[in-house]
Amino acid sequence: MKRTNIFLAGTALALALVGAPAMAQTGGKPVETSAPNAKDQKPAFTGQTRAAQPAEMPQIATEVVAEGLPHIWSMEFLPDGRMLVTAKEGAMHIIKDGKPGPAIEGVPKVLSAGQGGLLDVALAPDYETSGMIFFSFSEEREDGNGTSVASAKLVANDDGGGKLENVKVIFQQMPSYDGNKHFGSRLTFGPNNELYVTVGERSDPEPRVQAQDLKSGLGKVFRIDMDGKALPDNPFVDQAEARPEIWSYGHRNLQSAALDGNGRLWTVEHGPKGGDELNRPEAGKNYGWPEVTYGVEYSGGKVGDGITEKAQTEQPVYYWDPVIGPSGMAFYDGDAIPEWKGAFLVGGLVTQGVVVLHMDGDKVSHEEHVPLKARIRDVKVGPDGAVYAVTETRSGSSTIVKLTKA
């Protein structure tokens, strides 16, 4: 294992040692000092963006615990401490002692072109007795493709691999669309075994407006039971033509989700050029996209009318311009890094590190970055209280890095 105070993804298989401390920023100032893409936009309230860094930040040591992996999209800890990972191309592996076992049999075919692939994985709340897992993937269909959720029983074998039994697609994002972007997707179980499913709005101008349409499943957070059915207290379950599984709407592309210490769902979604958002999605509420947003189009032009506020839509708790490129999210309630207690940890694809959001109630009080010099696809807190970050490279390989207090 390689251990240092910071790491650099020098090749697909190794991390080069450098001598700089992991926490090089000066406390008290915002991490982001570059000009925003949307220069004329102003936050709706103080502290909605560019929060100051904490006055004191921990030195973080990093250790590569697995390398030379395929392009990993998500990771989940099994009860015995092994890691279950999904590979974008469509394989699932169990990692033990830093090495992936054989591909698990029975994973359904996935569409891995563009941003598609085998996406998130979550253990059922009763996994220790049932062995059930849930996973999301981009599914090819006769009329296009879309994000789907499947359940299965994971049966491991003595060779470090295993198989999926009784695989069943329990939920499909509809309508299908013939594209390869903005599938989402994260899976998060709530305190009452409800399953939150986050998806994207498929990016292109034609489908993305459906994020505002309750008849469509694009750009939504869904809330379903373990059979894929809408829960009876969902906000639109009795509204004609609305999809009953919808929990909240007006989202762009949600690739980060986690519960806080009170069991409430929080998400971070990809914005346009500027406009990544932290939200606490609530039942029936509209989060604006694409009618209301911070940031601009990738071309530099306005998104829609270029407005950032509207009475019928919710303001983000926090936003970033320039963006962090969020993927993966965890709530830190461990003891190994006490300075992070009660903070959200978000993977940064663009910022190439872990973004730490310190909270004061439901507001961001401080933001710090742990620079890892690699795209971070997923973040998890291990049973040991350490933080584990999944890196990815454009060439398609991944490592898993353990973060502890130095």
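Here are three short exercises on a predicted model, each with a worked solution.

Residues are numbered from 1 along each chain as its sequence is written, and side-chain values use heavy atoms, with hydrogens and water left out. Because the model is predicted, local features need pLDDT of at least 70 and side-chain atom pairs count only at pLDDT 80 or more, while totals for chains, interfaces and linings use all residues.

**Exercise 1. Confidence**

Find the average pLDDT of the protein chain, then find where pLDDT stays under 50.

Solution. pLDDT is the predictor's confidence in each residue, from 0 to 100. Step one: the protein chain averages 93, and 94% of the residues score at least 70. Step two: the stretch under 50 is residues 1–25, for which the model has 73 contacts beyond four places in sequence; a contact means heavy atoms within 4.5 Å.

**Exercise 2. Strand 6 and its partners**

Work out which strands pair with strand 6, and whether its faces are covered or not.

Solution. Strands are DSSP runs of E with at least two residues, numbered from the N terminus, and two strands pair if DSSP finds at least two bridges between them. Step one: strand 5 (residues 72–77) pairs with strand 6 in the antiparallel sense over 5 bridges, with Ser74 opposite Thr86. These two strands form a hairpin with 5 residues between them, and Gly81 in the turn has a positive phi of about 95°. Step two: strand 7 (residues 92–96) is also antiparallel to strand 6, over 4 bridges, and there Met92 is the bridge partner of Thr86. In this hairpin 4 residues lie between the strands, and Gly90 in the turn has a positive phi of about 125°.

Step three: recall that in a regular strand the side chains alternate between the two faces of the sheet. Met83, Val85 and Ala87 on one side and Leu84 and Thr86 on the other are all buried, meaning under 20% relative accessible area (1.4 Å probe, protein chains only; exposed is over 50%, partly exposed in between). With 5 of its 5 residues buried, strand 6 (residues 83–87) is therefore largely enclosed by the rest of the structure.

**Exercise 3. Two salt bridges**

Compare the burial of the partners in Arg208–Glu297 and Arg223–Asp233.

Solution. A salt bridge puts a side-chain nitrogen of Lys or Arg within 4 Å of a carboxyl oxygen of Asp or Glu. Step one: the closest N and O atoms of Arg208 and Glu297 are 2.5 Å apart. Arg208 is buried at 12%, and Glu297 is buried at 19%. Step two: Arg223 and Asp233 meet at 2.9 Å, N to O. Arg223 is buried at 10%, whereas Asp233 is exposed at 53%.
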